[in-house]
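Visitor: Could you walk me through this one slowly? I am still new to reading structures.
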Amino acid sequence: MDSFQITEKEYIWTRQIISSKGNSKFKIDYWGDKNSSNITSKDGLPSIVTLTNIDDEEQILIYDGALHGYNAVFWEEFPEEINNREQKQRYVHNGQSEFEVIILTRYSPHIKEEFDEDMERDGFVTNNRGQKLGKEAFSNGFDSIEIYGIGTDGKRIEILAEETA
């Protein structure tokens with residue numbers, strides 16, 4: 001697999017997704033638009049990407065732009081239409097519909113430092129909607145996300161690349 005570019009001024013987290021039963025092959029479903037191979041937002045609303053284990057149909061929500069990323073967790077307010085993003089499409093690229101999936105997230109050290117300082121005060125961080133968030137909020141917050149699929153031909157394709165801060 002190609003290496004990912006990392007700068008000194010960011011943290012990076014990369015993982016291959018494995019199902020609870022140890023399977024690494026998934027069907028990908030999404031809500032949004034698809035340009036070439038990339039999934040993007042649709043009608044001003046953030047995209048959703050879910051995986052379905054090809055062995056037992058276990059479903060995994062891998063990304064929802066209304067729940068994940070710094071904007072969604074801390075700053076963004078979404079319109080009521082956000083709840084109408086239910087009907088997903090199957091992701092197919094060059095005739096392939098089963099993929100191994102790699103997820104990569106990046107986040108800035110200064111945001112983590114600010115988050116840690118706020119958490120030390122009372123164990124919570126308050127977002128702009130007045131919601132008190134615990135440590136799990138930082139796991140859902142990041143500057144950007146990239147999702148890659150490795151098809152049956154062994155080639156890596158970019159499925160989603162999005163700035164979230």
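Guide: We can go through the sheets and then the aromatic rings, keeping in mind that this is a predicted model.

Visitor: Okay, in what order do the strands of the open sheet with strand 1 in it come?
Guide: That open sheet has four strands, placed in the order 1-8-11-12, and their pairing is antiparallel. Its edge strands are strand 1, covering 11-16, and strand 12, covering 156-163, each of which pairs on one side only. On average, neighbouring strands in this sheet are turned by 15° against each other, if direction is ignored.

Visitor: How many bridges hold strand 1 and strand 8 together?
Guide: Six bridges pair strand 1 with strand 8, which spans residues 100-107, and the sense is antiparallel. If you want to find particular partners, Ile12 stands opposite Arg106 of strand 8, and Trp13 has Thr105 in strand 8 as its bridge partner.

Visitor: And what about strand 8 itself, is it mostly covered or open?
Guide: Strand 8 is mostly covered, since seven of its eight residues are buried, and here that word stands for under 20% relative accessible area. Strand 8 also runs antiparallel to strand 11, to which seven bridges join it, and in that pairing Val101 stands opposite Gly149 of strand 11.

Visitor: Then how many bridges join strand 11 to strand 12?
Guide: Seven bridges join them, with strand 11 made of residues 144-150 and the two strands running antiparallel. One of the pairs to look for is Ser144 with its bridge partner Glu163 in strand 12. The hairpin of these two strands has five residues between the strands, and there Gly154 takes a positive phi near 85°.

Visitor: Switching topic: which strands make up the sheet that contains strand 2?
Guide: That is an open sheet of four strands with the order 6-5-2-7 and antiparallel pairing. Strand 6 (59-64) and strand 7 (89-90) are the edge strands, so named here as each pairs on one side only. Within the sheet, strand 2 (residues 26-31) and strand 5 (residues 48-53) pair over six bridges in the antiparallel sense, and Trp31 has Ile48 in strand 5 as its bridge partner.

Visitor: Now the rings. How many aromatic pairs are there in the whole structure?
Guide: A search of the whole structure finds three aromatic pairs. In one of them, the ring centres of Tyr11 and Tyr107 are 5.2 Å apart and the planes are at 40°, so this pair is tilted. Tyr11 belongs to strand 1 and Tyr107 to strand 8, so the pair ties together parts that lie 96 residues apart in sequence.

Visitor: Are those two buried or exposed?
Guide: They fall into separate classes: Tyr11 has 37% relative accessibility and counts as partly exposed, whereas Tyr107, at 18%, counts as buried, because the cut-off for buried is under 20%.

Visitor: And why is the pair of Tyr91 and Phe99 called edge-to-face?
Guide: Their ring planes are at 65°, with the centres 5.7 Å apart, so the pair is edge-to-face, because planes over 60 degrees apart count that way. Tyr91 is buried with a relative accessible area of 0%, and Phe99 is also buried at 0%. Tyr30 joins Tyr91 and Phe99 in one aromatic cluster.

Visitor: Last one: which charged residues sit over rings?
Guide: Lys34 lies over the face of Tyr91, at 4.6 Å from the ring centre. Over the ring of Tyr148 sits the charged end of Arg156, 4.6 Å from its centre.

Definitions and conventions:
Residues are numbered from 1 along each chain as its sequence is written. This is a predicted model: local features need pLDDT of at least 70, side-chain atom pairs count only at pLDDT 80 or more; totals for chains, interfaces and linings use all residues. Side-chain values use heavy atoms; hydrogens and water are left out. Two strands pair if DSSP finds at least two bridges between them. Axes are lines fitted to C-alpha atoms, for helices over the stretch in contact, and angles run from 0 to 180 degrees between N-to-C directions. Buried means under 20% relative accessible area, exposed over 50%, partly exposed in between (1.4 Å probe, protein chains only). Rings of Phe, Tyr and Trp (its six-membered ring) pair if their centres lie within 6.5 Å; planes under 30 degrees apart count as stacked, over 60 as edge-to-face and the rest as tilted. A charge sits over a ring if NZ of Lys or CZ of Arg is within 6 Å of the ring centre and within 35 degrees of the ring normal.
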